[in-house]
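Got your viewer open? Here is a short walk through the model, one selection at a time.

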Amino acid sequence: MGALLFNVTTAGLMVLMFKAGIALIGENTVGRRRLPWAATGLSTIALTAVATQLCWSGAMDAFDSDPAKSGWWRVVTSVFMQNGGFLGAVWNIATLAVIAALAEWFWGAPLMAGLFAAGILLPQHIDSLFGASDRASSDPRNFAGSSGATYFLAATLAAALLLRRGADTGAPKQRLLALAVPVLGLALWFAQSNGHGLVAAYGFVLGALVHALARPMLHPDRDLQQRPRTTMASLRAIVGERPRQAD
C-alpha cells in the first residue's frame with residue numbers, strides 16, 4: 001500500500017507540473033510550434049540507453065550511480081539507466097520527452113539542456129549542504145533513472161508560470177497551480193522522503209532565478225510569430241493522414 005501511495009503521489013506531482021507547462025506555453029499553440037529537436041535528442045539517448053540495458057546485462061553495474069562504485073561518469077550515465085521495470089521505463093521516457101519539449105519551447109534549446117544538466121548535477125550538492133544526502137541516496141531506486149532530472153526541469157516551468165507577466169484572465173488560477181508545485185513537492189519530501197518532491201522544489205527555485213535573469217532573452221512565442229516550416233501539426237498530418245481512395 002505504501003509503494004502504491006508513493007507512486008500515485010509522485011505521478012500526481014508530475015501531472016501538476018505538466019499542467020503548469022501547458023498553461024505556460026498555451027495548449028492551443030502546440031500544433032503551431034516547431035519540432036523540439038533538443039528534446040528529441042534527449043529522448044533518443046534515453047531510448048538508446050534502455051536498448052543497451054536490454055542487450056547487455058552488465059549495463060546497470062557499469063553506469064548506475066551506486067555510491068559504493070567508483071567512476072566520475074556515473075552521475076550522468078545513471079540518469080539514462082532505468083531500474084523501475086517496463087512500466088517505470090515507459091513512464092520515465094514519456095515524461096522526459098514531453099517535459100523536455102515544453103521546456104525547449106519556453107526556455108529555448110540551450111537553456112533547456114542547461115537546466116536538465118542542473119537537474120543532474122545540483123541536487124546531490126544541495127543535499128550535502130543541508131545534510132539530506134544520506135536520506136536521499138540510501139534507497140537503491142535513486143542509483144538510476146531519469147525521473148529526478150525530469151522533475152527538476154518540469155518544476156522550472158511552474159516557476160516561469162508563476163512569474164509570467166500578462167493580462168491573462170486565468171492568471172490567478174495559473175499562479176495557484178504554479179505555487180502548488182513546490183508546496184506539494186516539499187509535502188511529499190517530508191511525508192514520504194520522496195526525493196522527486198525535493199528536486200522539484202530545487203528546480204522551482206532555480207527556474208525562478210533563471211527566469212529573472214534571462215527574461216529579456218526568452219522568446220517563447222517566436223514560433224507563433226514566425227511559423228517554422230515543420231511544426232507539430234504538420235508532423236501529425238504526415239504520420240496520421242492516409243491518402244483517400246476514390247469511391
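Before the first stop, one definition: the expected span of a helix is 1.5 Å times one less than its number of residues. Keep in mind, too, that this is a predicted model.

**Stop 1: helix H1 and its two ends**

Select residues 2-25, which make up helix H1. H1 has 24 residues, and from its first C-alpha to its last it reaches 35 Å, close to the expected 34 Å. Now add Met 1, which sits in the segment before H1. Is Met 1 buried or exposed? With 83% relative accessibility, Met 1 counts as exposed, because the cut-off for that class is over 50%.

Keep Met 1 selected and bring in Leu 4 and Val 8: these three form a nonpolar surface patch, with about 380 Å² of accessible area together. As for the spacing along a helix, an α-helix has 3.6 residues a turn, so residues three or four places apart point the same way.

Then slide to the other end. Just after H1 you'll find Gly 26, whose phi is positive, at about 95 degrees.

**Stop 2: the aromatic pairs**

How many aromatic pairs does the structure hold? There are four, and we'll visit some of them. Show Trp 56 and Phe 63 as sticks: their rings are edge-to-face, 5.9 Å centre to centre with 85 degrees between the planes. Trp 56 is partly exposed at 42% relative accessibility, and Phe 63 is partly exposed as well, at 26%.

Next, pick Trp 72 and Trp 73. Their ring centres are 6.1 Å apart and the planes stand at 85 degrees, so this pair is edge-to-face. Trp 72 counts as exposed at 76% relative accessibility, while Trp 73, at 32%, counts as partly exposed.

**Stop 3: helix H8**

Select residues 147-163 for helix H8. Put a distance between its end C-alpha atoms and you should get 25 Å; the 17 residues should span 24 Å, so the two values agree. Colour H8 by accessibility and you'll see that it is mostly covered, with 14 of its 17 residues buried.

**Stop 4: the loop between H9 and H10**

Last selection: Ser 193, in the loop between helix H9 (171-192) and helix H10 (195-214). What is the phi of Ser 193? It is near 55 degrees, a positive value in a residue other than glycine. Ser 193 counts as partly exposed, at 33% relative accessibility.

Definitions and conventions
Residues are numbered from 1 along each chain as its sequence is written. This is a predicted model: local features need pLDDT of at least 70, side-chain atom pairs count only at pLDDT 80 or more; totals for chains, interfaces and linings use all residues. Side-chain values use heavy atoms; hydrogens and water are left out. Rings of Phe, Tyr and Trp (its six-membered ring) pair if their centres lie within 6.5 Å; planes under 30 degrees apart count as stacked, over 60 as edge-to-face and the rest as tilted. Buried means under 20% relative accessible area, exposed over 50%, partly exposed in between (1.4 Å probe, protein chains only). Helices (H or I, at least four residues) and strands (E, at least two) are DSSP runs, numbered from the N terminus. Patches are made of residues with over 30% relative accessible area and no salt bridge: like charges are joined within 9 Å, nonpolar side chains (Val, Leu, Ile, Met, Phe, Trp, Tyr) within 5 Å. Accessible areas come from the Shrake-Rupley method with a 1.4 Å probe; for residues, only the protein chains shown count as cover. A salt bridge is a side-chain nitrogen of Lys or Arg within 4 Å of a carboxyl oxygen of Asp or Glu.
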